[in-house]
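Dear colleague,

Please find below the structure that I am handing over to you. My notes on what was found follow it.

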Amino acid sequence: MSRAQDPPRGFFPFGNPFRMLSPKGSPLSPWLLSLLNNFELLLAERLKKLMPKSKSDILTLSWMKLAMESLCETHTNINTLITDLQLPVSDWEEKWVDVYLDVSVKLLDLCNAFSSELTRLNQGDLYLKCVLHSLQSGSGEKKYLQARSSLDSWRQHVNANNARIENCRAVLDSLVKSLSLPKVKNSDKGKVLMRAFYGVKVQTVYICSVFTAAWSDSTNDLFDLPVSEKPLWAKVFADVQSVVNGEIREMLSSGRSTILKELESVDASVEKLYPMVQDGVGTVEAESFKECVMELGVQAEKLSQGLDQLLEEVDSFFKMTLSGRDVLLCNLRSSDSFSSNAIGEI
């Protein structure tokens, strides 16, 4: 599960897109400025919740679940903002639509990859259940042989590479290229929408990169995203990123077999139990052996429950992204149909 260390990655290969955040011309109206500020303050509050209380919380399944919940809330808020802006899809510039559709399809690809990895890891629970069943209900030397075989199978299973996770790097690299803000010349509402979209994309790309790094055990999948000081969420984002990225790099440099905390706990229990089932258990070790078996059961249950809960959040984000695409496409078709009918009546 571990890979060689890679150098930290930069984020904007083509310069700083925030040079376009403050276009020359008249300032935004108080109403539009209020909508933008409210959106960015909510994003800042959500990012603040991702700041771990202690470094040991980073890359726990509960923290990853919180991060995915935060993404769902942000994407819900951008939909609310679009409604509040009273900016129908028919008024969108074509390039805004193209960017949205391109980014959303890539997010669906990432969700599919994450779901496949969560499902794969959870399938390993079957091997651990076989271990516990053999040791708790078996008899004689045979139970040790069966348990050892199941432990070997679990190790092989969780250490296998997932091609979908390996492909996430290319998807993330592609998303990076879509993060530069398009120029909006004649629409104040469009300027607000594009700046809000930028915040959504920064949070989304970053969290997806953390997830990918957690499962690939490679810092090459972890982004360092420089952001302008102008957005109201910028300072919080920079703080969260600094703490989380720093801890992930430290964990990877320590040579751990995995940096996902619950999986690491199960792996530690397996490492402690394996010599006992390999060499047999004497009378003196019987109590220690019993404690090791119980500990494996407890840690395996925590891992399974955490994977299930995170998978539910990833599925929710997938459905939200897919629904957003469907709504946009339906609105585009309705707009095209209306335009065609209007032309036909002239």
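Which residues does Leu59 touch, not counting residues up to four places away in sequence? In this predicted model, Leu59 is in contact with Met64, Val210, Ala214, Ile248, Met251, Ile259, Leu260, Lys261 and Glu262. The residue lies in the loop between helix H1 (30-49) and helix H2 (61-84). With a relative accessibility of 0%, Leu59 counts as buried.

Leu59 also belongs to the largest nonpolar core, which has 79 residues. Within that core, Leu59, Met64, Trp215 and Ile248 touch the most other members. Another core lies apart from it and has 23 residues, including Phe39, Ile78, Val89 and Ala196. As background, nonpolar side chains tend to be buried together in soluble globular proteins.

The backbone deserves a remark as well. Most residues other than glycine have a negative phi. Leu59, although not a glycine, has a positive phi of about 60°. Asp217 is likewise not a glycine and has a positive phi of about 55°. Asp217 is found in the loop between helix H7 (188-216) and helix H8 (234-253), and its relative accessible area of 2% makes it buried.

Next come the cysteines. A disulfide is a covalent bond between the sulfur atoms of two cysteines. The structure holds zero disulfides. Cys72 is in none, and the nearest cysteine sulfur, that of Cys111, is 8.3 Å away. Why is Cys208 not bonded to Cys111? The sulfur of Cys208 is 6.7 Å from that of Cys111, its closest cysteine sulfur, and this is too far for a bond, since the cut-off for a disulfide is 2.5 Å. Both Cys72, at 9% relative accessible area, and Cys208, at 3% relative accessibility, are buried.

Finally, there are three cavities of 30 Å³ or more. The largest contains about 290 Å³ of space. Its lining is made up of 21 residues, and His75, Tyr100, Val103, Phe197 and Val200 lie nearest the centre. H2, helix H3 (94-123), H7 and helix H10 (286-345) each give two or more residues to this lining, which divides into 13 nonpolar, seven polar and one charged.

The second largest cavity holds about 60 Å³ of space. Among the residues that line it are Leu47, Trp63, Tyr206 and Phe237. H7 and H8 are the elements that give two or more residues to this lining, and its residues comprise seven nonpolar, two polar and no charged.

Yours sincerely

Notes:
Residues are numbered from 1 along each chain as its sequence is written. This is a predicted model: local features need pLDDT of at least 70, side-chain atom pairs count only at pLDDT 80 or more; totals for chains, interfaces and linings use all residues. Side-chain values use heavy atoms; hydrogens and water are left out. Buried means under 20% relative accessible area, exposed over 50%, partly exposed in between (1.4 Å probe, protein chains only). A nonpolar core is a set of buried Ala, Val, Leu, Ile, Met, Phe, Trp, Tyr and Cys residues joined through side-chain atoms within 4.5 Å. Contact means heavy atoms within 4.5 Å. Helices (H or I, at least four residues) and strands (E, at least two) are DSSP runs, numbered from the N terminus. On a 1 Å grid over the protein atoms alone, a cavity is a set of points where a 1.4 Å probe fits but cannot get out, and a pocket is an open set with protein on both sides within 12 Å along at least five of seven lines; lining residues have an atom within 4 Å of a point. Grid points are joined across faces, edges and corners, and a volume is the space filled by probe spheres set on the points. Ala, Val, Leu, Ile, Met, Phe, Trp, Tyr, Cys and Pro count as nonpolar, Asp, Glu, Lys and Arg as charged, and the others, Gly among them, as polar.
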